[in-house]
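Got the viewer open? Let's take a walk through this model, one selection at a time.

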Amino acid sequence: MNPTLRRLRNRLVEEAKRRLKQPKQFVHFTHHLEADRILNDLENFPHAFVIACIADRQIKSEKAWLIPYELKRRIGSFSIGRLAKMKIGDFKNVMRRPSPLHRFPDDMAENIFYAIQHIVHHYDGDAKKIWNDRPASATLVRRFLEFRGVGPKIATMATNILVRYFRVPLSDYYSVDISVDVQIKRVFSRMGFVPKEAKADYIIYRARELWPEYPGIFDVVLWELGRTVCRPQEPKCQECPWARLCSYPNKKQSAHGT
Ligand code: SF4
């Protein structure tokens, strides 16, 4: 790795560590305050977080993360006891009517039904027990993988969010991978860590190579950067704190002979 890239990596990690030490803040998953309140209430509705993670595929994230709130409204309760009494057909009804909550409402209804049953039978109905015994990161990812419909991408994302936003302590962070999405992909490649056309697996291994003890640590800084200054068109490099070390503005300057 060239010295500039090494410096950039080190400074990104320092900044991420600084942010992770700050007190936990309310997380805006959707643009809906009530929906976000349920998702932030890991004490009373930890299963809402699990259901939202499970639903977060093949539709926009904001829509998926609204599902626990919508289910609460349609069912009239979101207690685990009430949900545990529902059959697959009941979930299909509430997922479909009056309007579909997901692109694949029946499939998702089944996944949610089995998730509730899994929480009841393996965690005494308390989804917090999935993460509140200070598990190893690999254990936590594996526990999410045990839910029907959850693959490595969702399991890693769920683990990453619990660590990054909810400050859930783990005994190690080796298996908390970077959560590759369009923001991360764009910023990571502009900075010069991966080629522009890099695939998700490549980016994941690159992050592991860069910071093996916690590869997902880059998400803490990069995701927000991608949503604010490092936009797809016309990145605002003049406003970016990483511009001096980032390869994108430097390459542009050399191309213009400045
Ligand atoms: S300097 Fe520009 S290209 Fe690099 S991360 Fe910042 S906004 Fe993105």
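Start by selecting Asp106, which is partly exposed with a relative accessible area of 27%; on this scale buried means under 20%, exposed over 50%, and partly exposed in between, using a 1.4 Å probe and protein chains only. Before going further, some ground rules: this is a predicted model, where local features need pLDDT of at least 70 and side-chain atom pairs count only at pLDDT 80 or more, while totals for chains, interfaces and linings use all residues. Residues are numbered from 1 along each chain as its sequence is written, and side-chain values use heavy atoms, with hydrogens and water left out.

**Salt bridges**

Keep Asp106 on screen and add Arg96: their side chains meet in a salt bridge at 2.8 Å, N to O. The term covers a side-chain nitrogen of Lys or Arg within 4 Å of a carboxyl oxygen of Asp or Glu. Arg96 lies in helix H6 (residues 88–96) and Asp106 in helix H7, so the bridge ties together parts that are 10 residues apart in sequence. Helices here are DSSP runs of H or I with at least four residues, numbered from the N terminus. Like its partner, Arg96 is partly exposed, with a relative accessible area of 31%.

Stay on H7 and pick Glu110. Its side chain meets that of Arg148 in a salt bridge of 3.2 Å, N to O. Glu110 belongs to helix H7 and Arg148 to the loop between H8 and helix H9 (152–164), so this pair ties together parts that are 38 residues apart in sequence. Arg148 comes out as partly exposed, at 38% relative accessible area.

Next, select Glu146 and Arg142, a salt bridge whose closest N and O atoms are 2.7 Å apart. Glu146 is partly exposed at 39%, and Arg142 is partly exposed at 42%.

How many salt bridges does a search of the whole structure find? There are 16. For a network of them, select Glu15, Arg18, Arg19 and Glu224, which are linked by salt bridges.

**Domains and the core**

Colour by domain now. The protein chain is divided into domain 1 (3–22 + 176–255) and domain 2 (33–130), with bounds that come from an automatic or database domain assignment. The C-alpha centres of the two domains lie 33 Å apart.

Which residues touch the most other members of the largest nonpolar core? Select Phe49, Phe144 and Phe218, out of the 89 residues in that core. A nonpolar core is a set of buried Ala, Val, Leu, Ile, Met, Phe, Trp, Tyr and Cys residues joined through side-chain atoms within 4.5 Å. Helix H3 (residues 46–55) gives the most to this core, with 8 residues. Domain 1 and domain 2 both contribute residues, so the core lies between them.

Zoom in on Phe144. Leaving out residues up to four places away in sequence, Phe144 touches a set of residues including Phe49, Val50, Trp131 and Leu162; a contact means heavy atoms within 4.5 Å.

Back on helix H3, select His47. His47 is buried, with a relative accessible area of 3%. Beyond its neighbours within four places in sequence, His47 is in contact with Phe78, Ser79, Ile80, Leu83, Ile119 and Ala127.

Then jump to Lys128, in the loop between helix H7 (105–122) and helix H8 (137–145). Is Lys128 buried or exposed? At 15% relative accessibility, Lys128 counts as buried. Among residues over four places away in sequence, Lys128 touches Leu42, Glu43 and Pro46.

**Rings**

Show the aromatic side chains: the structure holds 13 aromatic pairs. The rings of Phe188 and Phe193 have their centres 5.0 Å apart and their planes at 40°, so this pair is tilted. Rings of Phe, Tyr and Trp (its six-membered ring) pair if their centres lie within 6.5 Å; planes under 30 degrees apart count as stacked, over 60 as edge-to-face, and the rest as tilted. Phe188 is buried at 0%, and Phe193 is buried at 3%.

Phe193 also forms a tilted pair with Phe218, 6.4 Å centre to centre with 45° between the planes. This pair links distant parts of the chain: Phe193 sits in the loop between helix H10 (182–191) and helix H11 (200–210), and Phe218 in the loop between H11 and helix H12 (219–227), 25 residues apart.

For a cluster, select Phe29, Phe49, Trp65, Trp131 and Phe166, which ring pairs link together.

Last stop: the charged end of Arg190 sits over the ring of Tyr248, 5.0 Å from its centre. The test is NZ of Lys or CZ of Arg within 6 Å of the ring centre and within 35 degrees of the ring normal. Arg208 lies over the face of Tyr205, at 4.5 Å from the ring centre.

Technical notes
Helix = DSSP H or I, 4+ residues; strand = E, 2+ residues; numbered from the N terminus.
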